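Biologist: Before I rely on the labels attached to this model, I would like to hear the reasoning behind each of them. Could we take them in turn, with the value set against its criterion?

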Amino acid sequence: MSDHASRLAAATPRCVLAPPSRAAFLKVEVHADALALAQAAADHIAEKAEQAIAQRGQFLLALSGGQTPQAMLRALAQAPIDWRRVHLLQVDERIAPLGSVARNLTQLEESLLAHVRIPAAQVHPLPVDAADPLAAMAGYEALLRQLAGEPPLLDLVQLGLGSDGHTASLLPGDPALAVTERELALSTRYQGWRRMTLTLPLLDRARQVLWLVSGADKAAVLARFVAGDAALPACRVSRESALLLCDAAAAARLMLSPLPATPLASLLR
Ligand SMILES: O=C1O[C@H](COP(=O)(O)O)[C@@H](O)[C@H](O)[C@H]1O
């Protein structure tokens, strides 16, 4: 861990505001390491689940794939969540065979679904196995409207940040980034697979977007993301209801300001 990162973690400035401009303000929490980050993310999701269930009777949660969420999924499996009231959706998925290690669903099943009592009918994998993916996508959009209203509004969407600045399967230069009239889109081939992804309007509408970023290999792209580098697909996602959780290694290149105990802090809650 760099000196800057250790100081950041040691001082435990868990809540910080990342400038550069008011419009780009992002609430950030830095945690000491990947394990602390995973636990914090699981605790946060459990808290949001409790609130949503108390207020609306259900919790609509969309989870990303990749390596970063794995520890969080294991922590989530131990969290006090009423899974009977949860609907679980995927943020994105590779068009790969069922059970393949390339599928985000495979890891979701191993790390979370095998350990919690969520009714099978409330797990909604993206329909990448369909013979006609476009028709299946329309069906999934209808399901979203049925569960989450018109237009659909998810309670919490957890997003990751790829080293190239992609998030979900919204990839640099991909036409799926420009889709505004649909809730789902297909990407071009990327690292061997075409993918299905939630689109920007659906992500932007979520009651909360929870970013999860871990590891020194993400420090450079995270600094660009926090600074609002418009070249990154991840920077296209609204920050209005966003919270970024990262570990100190990923935060090593961030310049952050402590969240003041002023009216501004309450505005951001
Ligand atoms: O390809 C993907 O990568 C991103 C980032 O994954 P990470 O392990 O580097 O955090 C992920 O958010 C997305 O769901 C996944 O399909």
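Modeller: What follows is an exchange on a predicted model, taken label by label.

Biologist: What makes alanine 168 count as buried or exposed?

Modeller: A residue is called buried if 20 or more other C-beta atoms lie within 10 Å of its own, and alanine 168 has 31 C-beta neighbours inside 10 Å, so it counts as buried. Alanine 168 sits in the loop between E7 and strand E8 (184–186), and its phi is near 50°, a positive value in a residue other than glycine.

Biologist: Why is glutamine 191 called exposed?

Modeller: The label exposed requires 12 or fewer such atoms, and because glutamine 191 has 11 C-beta neighbours inside 10 Å, it counts as exposed. Glutamine 191 belongs to the loop between E8 and strand E9 (195–198), and although it is not a glycine, its phi is positive, at about 45°.

Biologist: What makes a positive phi or a cis peptide bond worth a remark?

Modeller: Most residues other than glycine have a negative phi, and most peptide bonds are trans. In this model the bond from glutamate 150 to proline 151 is cis, with omega near 0°, and proline 151 lies in the loop between helix H5 (133–148) and strand E7 (156–159).

Biologist: How do you know that E8 and E9 pair?

Modeller: Pairing requires at least two bridges between two strands, and E8 and E9, which run antiparallel, are joined by 3 bridges, so they meet the criterion. Leucine 184, for instance, has leucine 198 in E9 as its bridge partner.

Biologist: Which strands stand at the edges of the sheet, and why are they called edges?

Modeller: The sheet is open, with 3 strands in the order E5-E9-E8 and antiparallel pairing. Strand E5 (92–94) and E8 each have a single partner strand, so one side of each is left without a neighbour in the sheet, and they therefore stand at the edges. Neighbouring strands are turned by 15° against each other on average, direction ignored. H5 packs on this sheet, touching E8 and E9, and its direction makes about 160° with that of E8.

Biologist: How does the shell around the ligand divide into nonpolar, polar and charged residues?

Modeller: The shell holds 2 nonpolar, 10 polar and 1 charged residues. Of the 13 residues around the ligand, Ser64, Gly65, Gly66, Thr68 and Gly160 come nearest; Gly is counted among the polar residues.

Biologist: Where does UniProt place the domain?

Modeller: An unreviewed UniProt entry places "domain: Glucosamine/galactosamine-6-phosphate isomerase" at residues 33–239. Over residues 33–239 the chain is 34% helix and 15% strand, with the end C-alpha atoms 24 Å apart.

Terms used: Residues are numbered from 1 along each chain as its sequence is written. This is a predicted model: local features need pLDDT of at least 70, side-chain atom pairs count only at pLDDT 80 or more; totals for chains, interfaces and linings use all residues. A residue is near a molecule or strand if its C-beta atom, placed from the backbone, lies within 6 Å of it. UniProt positions are given in the numbering used here, feature names are shortened, and annotations may be inferred rather than shown by experiment. Helices (H or I, at least four residues) and strands (E, at least two) are DSSP runs, numbered from the N terminus. Axes are lines fitted to C-alpha atoms, for helices over the stretch in contact, and angles run from 0 to 180 degrees between N-to-C directions. Two residues are in contact if their C-beta atoms, placed from the backbone, lie within 7 Å.
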